[in-house]
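Hi,

Here is the structure I said I would pass on. Have a look at it first, and then read my notes underneath.

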Amino acid sequence: MAEPTRVCPHPWFAGQERPRILAHRGFVPADAEGVAENSVAALAAARGTGTVYLESDCHLTSDGVVVLFHDDDLKRVASDPRPVADVTARELSTVMSTRGGLAVLSEVLSAFPDARFNLDVKAAGAAEQVGRIVAKHADRVLLTSFSDDRRRAALEAARTRGGEPATSAGTGTMTRIVAAARVGVPRFASTALSGVDALQVPERHRGIRIVTPRLLRAAHDAGVEVHVWTINDPARMRYLLDMGVDGIVTDDAHTGMRVAAGKS
C-alpha cells in the first residue's frame with residue numbers, strides 16, 4: 001500500500017499556493033540588456049514577477065566560493081574559455097559586473113530573505129560547501145542534482161550543521177521512480193519515492209514521455225510534488241497544470257505567473 005499523503009510537508013512547500021512557478025536561472029526579460037542568467041539582476045527580476053521560487057545552479061571557484069552559475073566554463077556567458085573552477089571569485093565578479101552581477105550563494109540567500117531557493121549542485125567539489133552554507137536557511141532551500149551522490153553529499157553537509165533542506169531526486173533515483181510508476185505497483189513506487197520531497201523532471205526524455213498520470217498518481221499518493229522543466233510555452237504550461245503537475249520550471253517567470261493566475 002502506498003504511503004499516505006504527508007500531513008506536514010517541508011517548509012519549502014508551506015505557505016505558498018500551487019501551482020508553483022520556478023524561475024529557471026532567474027528571469028531575463030526579452031528587452032533586458034547586460035543581464036545574464038543566474039546573475040543577481042536575473043534573480044531580482046524573477047522576484048519582480050511575483051514568484052518566490054528561484055532555481056539556480058552551484059559551482060565552486062578556484063578559491064572555494066560557491067557561485068550561482070550553470071555552465072562548467074565561461075564560454076557561453078562571457079566568451080571566455082576558462083572553467084569556473086579555474087577562476088577566483090574576484091575574477092568572476094569582474095566578468096559578471098557588466099552582466100547583472102555575480103551571485104554568490106551565501107550573499108543571495110541573505111539578499112533575498114523571502115525567496116525559496118531550488119539549487120542544483122553542478123560540481124562535485126561544491127557539494128559539501130553548498131550544504132554548509134544552506135544549513136541555516138534549510139527551511140527555504142531545496143537541494144537537487146543530476147548526481148544522487150552530489151545531492152546526498154550536500155544534504156549530509158547541511159545535516160551536520162543542523163539543517164534539513166528539501167530535496168528532489170537525482171537521475172538514478174528518478175529512473176527507479178519512473179520505472180516503478182510504469183509497472184503500476186504502489187509498493188514499488190512508494191519505496192522508490194522514499195526520502196524525496198519532489199520530482200523535477202522533463203516532460204519527455206529522448207522521445208519517451210516521463211510525465212504521465214501514473215507518475216503523478218504515484219508521487220501524489222506518497223506526498224511528493226511533481227515539477228516539470230523547462231516549459232516556456234503557455235499552452236504547454238496550461239496542459240501540464242491541467243494534468244495535475246504541481247510546478248512549472250520556466251525561463252519566462254512572467255508568463256508562468258500569468259498562466260498560474262489564469263490570466264494568459
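Below is what turned up, going from the whole chain down to a few aromatic rings.

One thing to keep in mind throughout: this is a predicted model.

**The overall picture**

The protein has 264 residues, and for that length a compact globule would have a radius of gyration near 18 Å; the protein comes out at 18 Å, so the two agree. If you want a feel for the dimensions, the C-alpha trace spans about 55 × 45 × 35 Å along its principal axes. In secondary structure terms, you will be looking at 11 helices and 13 strands.

How much of the chain is tucked away? Buried residues make up 51% of the 264. As for how the chain folds back on itself, take the contacts with a separation of 6 or more: 66% of these are between residues 24 or more positions apart.

**Surface and charge**

The accessible surface adds up to about 11,900 Å², and carbon and sulfur atoms account for 51% of that. On the charge side, there are 32 positive and 32 negative side chains. The centres of those two sets lie 5 Å apart.

**The aromatic pairs**

I also had the whole structure searched for aromatic pairs, and the search found three. One of them is W12 with F13, an edge-to-face pair with 4.8 Å from centre to centre and 70° between the planes. Both partners are buried: W12 has 0% relative accessibility, and F13 has a relative accessible area of 6%. W12 and F13 also belong to a cluster with Y53, linked through ring pairs.

Another pair is F146 with W229, and this one is edge-to-face because the planes of the rings are at 70°, past the 60 degrees needed for that label. Their ring centres are 6.2 Å apart. Where do F146 and W229 sit? F146 is in the loop between strand 7 (141–144) and helix 6 (148–160), while W229 is in strand 12 (residues 225–229). The pair therefore ties together parts that are 83 residues apart in sequence.

Are F146 and W229 buried or partly exposed? F146 counts as partly exposed, at 45% relative accessibility, and W229 is partly exposed as well, with a relative accessible area of 31%.

If you open the model, W12 and F13 and then F146 and W229 are the pairs described above.

Cheers

Methods
Residues are numbered from 1 along each chain as its sequence is written. This is a predicted model: local features need pLDDT of at least 70, side-chain atom pairs count only at pLDDT 80 or more; totals for chains, interfaces and linings use all residues. Side-chain values use heavy atoms; hydrogens and water are left out. Helices (H or I, at least four residues) and strands (E, at least two) are DSSP runs, numbered from the N terminus. The radius of gyration is taken over C-alpha atoms; the globule rule is 2.2 Å times the number of residues to the power 0.38. Buried means under 20% relative accessible area, exposed over 50%, partly exposed in between (1.4 Å probe, protein chains only). Contact means heavy atoms within 4.5 Å. Accessible areas come from the Shrake-Rupley method with a 1.4 Å probe; for residues, only the protein chains shown count as cover. Lys and Arg count as positive and Asp and Glu as negative; His and the chain ends are not counted. The place of a charge is taken as NZ of Lys, CZ of Arg, CG of Asp or CD of Glu. Rings of Phe, Tyr and Trp (its six-membered ring) pair if their centres lie within 6.5 Å; planes under 30 degrees apart count as stacked, over 60 as edge-to-face and the rest as tilted.
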